[in-house]
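These notebook entries record what I looked up in one structure. I went from a single contact outward to the elements around it.

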Amino acid sequence: MKKIAVAIDFSTESELAARQALEVARHVGAELVLVHAELQLELPPVGPEPEAQVRAALDTVRSRVAAEIARGREKLGELRERLSGQGPVVSQVLAEGVAHEALCSAVREIGADLLVVGTHGRTGLRWFFLGSVAERVVRHSPVDVLVARRDEAGRGGFQNVLVATDFSPASVRALDRALELVAPDGFVDIVYCHSMWPVALWGEGTATYSVEVDVALEQELRRQGLELMASRRRPGGPELDFQLLREPAALAIVHLLEGRRFDLAVLGSHGRTGLRRALLGSVAEAGGRRAPGSVSTARGGAT
């Protein structure tokens, strides 16, 4: 990663996201870009010579919006000053538009590799109602998204990281992203989740199934998991582990995140169907809502 963007609305949650983004940028050696969005001003159509009362009302709205934008620019500059001098280069960008659309456009224009968002914010002109905006960003962002929680997490890299895999390119990319974000002495738990084997042996139009097939498939999936883990293991790097879980993916991820103290969960946003089951968008979204720690969604295939 060379450039990390973080969404700023000056709420407590977005400043927490900024601090975590700063730690991530310091860990990977990236530039940090603070992105603050303002709603576009859309005034009702009026004639070329509106009545004095209408003209005065429109002028008042324009002046208030201009003042709000100026305050936002000033506060963004103050935050940039507070975060500067701690390692990463820190810059700032003002974007106009609807929340998730403005953010997605901004990260595309600045060439960011990762977008960091908080989980709640404020409404109104300083918008960012992040309960829903964060989910829209996860769905539509052209780059990976990190939903930041826990102020202390990410310092020197995340210590305990969960990665859900189905061996699809997106989930392999999720593992690669996790290995970028984890601390050198950290731990990465790689899990493959299933509730039942999607297997049918077709003969003469009839589906058949056997325990032997179940055992063989589990051995094959375990082999793939161990091979994936071995391909990413590095001397002096974080500890890796792989396990199979007999539980639906969304439930298994939520149960793991609620039962153990993971600093970060990294999930692929798309997968594949069939034997190597898809990690559906709902899995990433469920994890994003329920996880006590930070959640990152990875897009695209492995690097």
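**Entry 1: a side-chain contact.** I worked on a predicted model. I began with the side chains of Q20 and S294, which are joined by a polar contact of 2.7 Å. I then asked where Q20 lies. I found Q20 in helix α1. Is Q20 buried or exposed? I noted a relative accessibility of 0% for Q20, which therefore counts as buried, the cut-off being under 20%.

**Entry 2: the strand on the other side of the contact.** I turned next to β12 (294-298). I recorded that five of the five residues of β12 are buried, so the strand is largely enclosed by the rest of the structure. I checked the two faces separately: S294, S296 and A298 are buried on one side, and V295 and T297 are buried on the other. Both faces of β12 are thus covered.

**Entry 3: the partners of β12.** Which strands pair with β12? I found β5 pairing with β12 in the antiparallel sense, over three bridges. Within that pairing, I noted V295 of β12 as the bridge partner of V147. I also found strand β11 (residues 264-268) joined to β12 by five bridges, and these two strands run parallel. Here I noted A298 of β12 as the bridge partner of G268.

**Entry 4: from β5 to β4.** I followed β5 (residues 144-147) to strand β4 (residues 114-117). I counted four bridges between β4 and β5, and recorded that they run parallel. I noted L115 opposite V145 in β5.

**Entry 5: the whole sheet.** I then wrote down the strand order of the open sheet, which has ten strands and mixed pairing: β3-β2-β1-β4-β5-β12-β11-β6-β7-β10. Which are the edge strands? I identified them as β3 (90-96) and β10 (239-246), each of which pairs on one side only. For neighbouring strands of the sheet, I recorded an average turn of 20° against each other, with direction ignored.

I returned to helix α1 (residues 12-28), which packs on this sheet. I listed the strands that α1 touches: β1 (3-8), β2 (31-38), β3, β4, β5, β6 (158-164), β7 (182-194) and β12. I noted that the direction of α1 makes about 175° with that of β1.

**Entry 6: aromatic rings.** How many aromatic pairs does the structure hold? I recorded two. For F167 and Y192, I noted ring centres 5.4 Å apart and planes at 20°, so I entered this pair as stacked. I placed F167 in the loop between β6 and α5 (169-181), and Y192 in strand β7. The two residues are 25 residues apart, and their pair links distant parts of the chain.

I checked the burial of each. F167 has 9% relative accessibility and counts as buried; Y192 is also buried, with a relative accessible area of 1%. I added F242 to this entry, as F167, Y192 and F242 form one aromatic cluster.

**Entry 7: helix α5.** I closed with α5, a helix of 13 residues. I recorded a reach of 19 Å from its first C-alpha to its last, close to the 18 Å expected at 1.5 Å a residue. How many residues of α5 are buried? I noted ten of its 13, and entered the helix as mostly covered. The buried residues of α5 include the charged-type names R173, D176 and R177, and I also listed A170, S171, V172, A174, L175, A178 and L181 as buried.

Conventions
Residues are numbered from 1 along each chain as its sequence is written. This is a predicted model: local features need pLDDT of at least 70, side-chain atom pairs count only at pLDDT 80 or more; totals for chains, interfaces and linings use all residues. Side-chain values use heavy atoms; hydrogens and water are left out. Two strands pair if DSSP finds at least two bridges between them. Axes are lines fitted to C-alpha atoms, for helices over the stretch in contact, and angles run from 0 to 180 degrees between N-to-C directions. Contact means heavy atoms within 4.5 Å. Buried means under 20% relative accessible area, exposed over 50%, partly exposed in between (1.4 Å probe, protein chains only). A polar contact is a pair of N or O atoms within 3.5 Å; within protein, one must be able to donate a hydrogen and the other to accept it, and residues adjacent in sequence count only if both atoms are side-chain atoms. Rings of Phe, Tyr and Trp (its six-membered ring) pair if their centres lie within 6.5 Å; planes under 30 degrees apart count as stacked, over 60 as edge-to-face and the rest as tilted. The expected span of a helix is 1.5 Å times one less than its number of residues.
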